[in-house]
Amino acid sequence: MRIVIIIVRVLMGLLLLFASLNYFFHFVAEPQQTGTMKVFSDGIAATVYLMPLVKVVELLCGLSLISGKFLKLFAIVLIPITLNILLINIYLMPSGIPIAGTLFLGNLLIVYSNWGSYKNLFTV
């Protein structure tokens, strides 16, 4: 099980690292968006600060997943981001559901594997 966690962690880290670096340096062209996804993306872009903030957090989470440093912290920080990626794909871009779902489930697996560290947060 430990090897599976390491593989999932590294693959997720590489995906997040690539996505965040691609946002800043444009290695690969972004696909054209249409319909409600374009409206949503334009709204996010209008805030100016939100996407750079998310991509910096993704970059930090990706580095943490790859290196294993601060993993327990960044696994929790990553939950709202992966959940949002999944919900955006469910409601606005169904073609991305398999990747988004895999990313979210991988995040939950990492949290579950470290659950002993989080248990005290949920006790009264």
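This passage goes through the salt bridges, aromatic pairs, a nonpolar surface patch and a few contacts of a predicted model.

Some ground rules come first. Residues are numbered from 1 along each chain as its sequence is written, and side-chain values use heavy atoms, with hydrogens and water left out. As the model is predicted, local features need pLDDT of at least 70 and side-chain atom pairs count only at pLDDT 80 or more, while totals for chains, interfaces and linings use all residues.

Salt bridges are up first. The structure holds two of them, taking a salt bridge as a side-chain nitrogen of Lys or Arg within 4 Å of a carboxyl oxygen of Asp or Glu. One links D42 to K38, with 3.4 Å between the closest N and O atoms. These two residues sit four apart in helix α2 (residues 35–46), so about one helical turn separates D42 from K38. Helices here are DSSP runs (H or I, at least four residues; strands are E, at least two), numbered from the N terminus. On the burial scale, buried means under 20% relative accessible area, exposed over 50%, and partly exposed in between (1.4 Å probe, protein chains only). D42 comes out partly exposed at 42% relative accessibility, and K38 is partly exposed too, at 40%.

The other bridge pairs K55 with E58, the closest N and O atoms being 3.3 Å apart. Both residues belong to helix α3 and are three residues apart, about one turn of the helix. K55 counts as buried because its relative accessibility is 12%. E58 is buried as well, with a relative accessible area of 4%.

Helix α3 also holds V56, which is partly exposed at a relative accessible area of 37%. V56 is part of a nonpolar surface patch formed with F18, F24, F25, F27, V28, L60 and L63, and together these residues have about 750 Å² of accessible area. Two elements, α1 (2–25) and α3 (50–67), give two or more residues each to the nonpolar patch. Patches are made of residues with over 30% relative accessible area and no salt bridge, with like charges joined within 9 Å and nonpolar side chains (Val, Leu, Ile, Met, Phe, Trp, Tyr) within 5 Å. The accessible areas come from the Shrake-Rupley method with a 1.4 Å probe, and for residues only the protein chains shown count as cover.

On to the rings. A search of the whole structure turns up four aromatic pairs. Rings of Phe, Tyr and Trp (its six-membered ring) pair if their centres lie within 6.5 Å; planes under 30 degrees apart count as stacked, over 60 as edge-to-face and the rest as tilted. One of the pairs is Y23 with F24, edge-to-face at 5.2 Å centre to centre and 80° between the planes. Y23 is partly exposed at 27% relative accessibility, and F24 is partly exposed at 34%. Another pair, W115 with F122, is stacked, with 5.4 Å centre to centre and 15° between the planes. W115 counts as partly exposed at 36% relative accessibility, whereas F122 counts as exposed at 59%. W115 and F122 join Y118 in one aromatic cluster.

Last comes V8, found in helix α1. Leaving aside residues up to four places away in sequence, V8 touches G106 and L109, where contact means heavy atoms within 4.5 Å. V8 and I97 are 89 residues apart in sequence, and their C-alpha atoms are 18 Å apart in space.
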